[in-house]
Amino acid sequence: MPAIIEKLYKMMETLALINSTQDLDKLLDLIMKSIKGVMEAEASSLLLLDAEKNELYFSTVSGGSEKIKEIRIKADQGIAGHVVQTGKALIVNDVTKSEYFLKTVDEKTQFKTRSIICVPLISRNKTIGVLQALNKLNGKDFNEEDERLFMAFSHQVSVAIENARLYNMAFYDALTKVFMRRYFEAWLDQEFARVKRYQTDLSMIMFDIDHFKKINDTYGHQAGDYVLQQIAQVVKENVRAADVLARYGGEEFMICLPETKVDKAFHSAERIREQIEKKEFNYNGKKIPVTVSLGVASFRETPEDSVVQFIKDVDSALYQSKEGGRNRVTVHRLPGQKPGKNKEQKEAA
């Protein structure tokens, strides 16, 4: 099979995968890995344009050093900047002979760039960034065939990125990258109706950050944003793919656990509490003490007629955790039921 046909097949397979996901992080990671394969390159990178600051930043990379993500360059500097300004692809097979090449990037990352092919990402007639493939393997040069293939690929990638961005804006909280309250409530309405009809299991965890106002007042609101982002990441790493995590309020989060009994929901909540308590939150050289209080409610344990009351149940359990001293988990129970476990009860068990 001719090399160009093989590359086209690879590109088509990748585009099919790209169009099947709306998760922006997964999408960008998939794009970077594909570029390396299709362009037969040592590394690849995606630079996006920060229009407000007129700067390019390395959004995603594959191969090379992750330190490159710390770098920003002016939108009219370097090979990438030149491509942004002209809107045209550029091949440089010997960067030492290019007037546009920025040595400072390699100096920062310790990556040795020999050759680059760079193409613009254009969406709605505006350049939103560039795609780069670096160092053609086996000592070969990038050529016009590579350029045509890469440009065709970039057009499809631009559409996929734009669609994913719109999807993320509609459903995800911009700061924490978890679902926003509006989407969560719409999802919960449907899930609660299904659970109520078929009498299956559904548990819910509500938690918020202890003394969050004090964190903002002491360390600043940017530190507070950092804490929110880090907590969201910790929780994502400690729930299942089927669970639904959302930012419900300022420092308040919800987790829905379909087909989950109360004891497993309690253990999930306790695991999250422990992971957050032991994590080091360091912002600008300062260590920030962070804990969370959590409430758990289960449809099977305390069946409710409405989703509104179900939310009130888990909110009540969270309130009990905060009243009981914070940094603990409380399970909502009906009057007369065995009290839910909290941190101290678990340790004594």
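Is Lys 97 buried or exposed? Let's start there, everyone, and keep in mind that what you see on the screen is a predicted model. Lys 97 is exposed, and its relative accessible area comes out at 71%. Its side chain meets that of Asp 94 in a salt bridge, with 4.0 Å from N to O. Asp 94 has a relative accessible area of 32%, so we call this residue partly exposed.

That pair is a good way into the charged contacts. How many salt bridges does the structure hold? The count is 21, and I'd like to walk you through a few of them.

Next, please look at Glu 40 and Lys 136. Their side chains form a salt bridge as well, at 3.7 Å from N to O. Here the two partners come from distant parts of the chain, 96 residues apart. Glu 40 sits in the loop between helix 2 (24-38) and strand 1 (41-50), while Lys 136 belongs to strand 6 (residues 126-136). What about their surroundings? Glu 40 is partly exposed, at 32% relative accessible area. Lys 136 has a relative accessibility of 4%, and because anything under 20% is counted as buried, this lysine is buried.

Now for another bridge between remote parts of the sequence. Asp 210 and Lys 322 meet through their side chains, again with 3.7 Å from N to O. Asp 210 is found in the loop between strand 8 (202-209) and helix 7 (212-219), and Lys 322 is in helix 10 (residues 307-323), so this salt bridge ties together parts that lie 112 residues apart in sequence. Are these two buried or exposed? Both Asp 210 and Lys 322 are buried.

Salt bridges can also join up into a network. In this model, Asp 50, Glu 55, Arg 72 and Lys 74 are linked in that way.

Let me finish with helix 10, since we have just met it through Lys 322. The axis of helix 10 comes within 10 Å of the axis of helix 6 (residues 181-198), and the two cross at roughly 105 degrees. That angle makes helix 6 roughly perpendicular to helix 10. Which residues make the contact? From helix 6 we have Leu 188, Asp 189 and Phe 192, and from helix 10 there are Val 307, Phe 310 and Ile 311. Sorted by class, this contact has five nonpolar residues, one charged residue and no polar ones.

That's my tour for today, thanks for listening, and I'm happy to go back to any of these pairs on the screen.

Notes
Residues are numbered from 1 along each chain as its sequence is written. This is a predicted model: local features need pLDDT of at least 70, side-chain atom pairs count only at pLDDT 80 or more; totals for chains, interfaces and linings use all residues. Side-chain values use heavy atoms; hydrogens and water are left out. Helices (H or I, at least four residues) and strands (E, at least two) are DSSP runs, numbered from the N terminus. Buried means under 20% relative accessible area, exposed over 50%, partly exposed in between (1.4 Å probe, protein chains only). Axes are lines fitted to C-alpha atoms, for helices over the stretch in contact, and angles run from 0 to 180 degrees between N-to-C directions. Angles under 35 degrees count as roughly parallel, over 145 as roughly antiparallel, 65 to 115 as roughly perpendicular and the rest as oblique. Contact means heavy atoms within 4.5 Å. Ala, Val, Leu, Ile, Met, Phe, Trp, Tyr, Cys and Pro count as nonpolar, Asp, Glu, Lys and Arg as charged, and the others, Gly among them, as polar.
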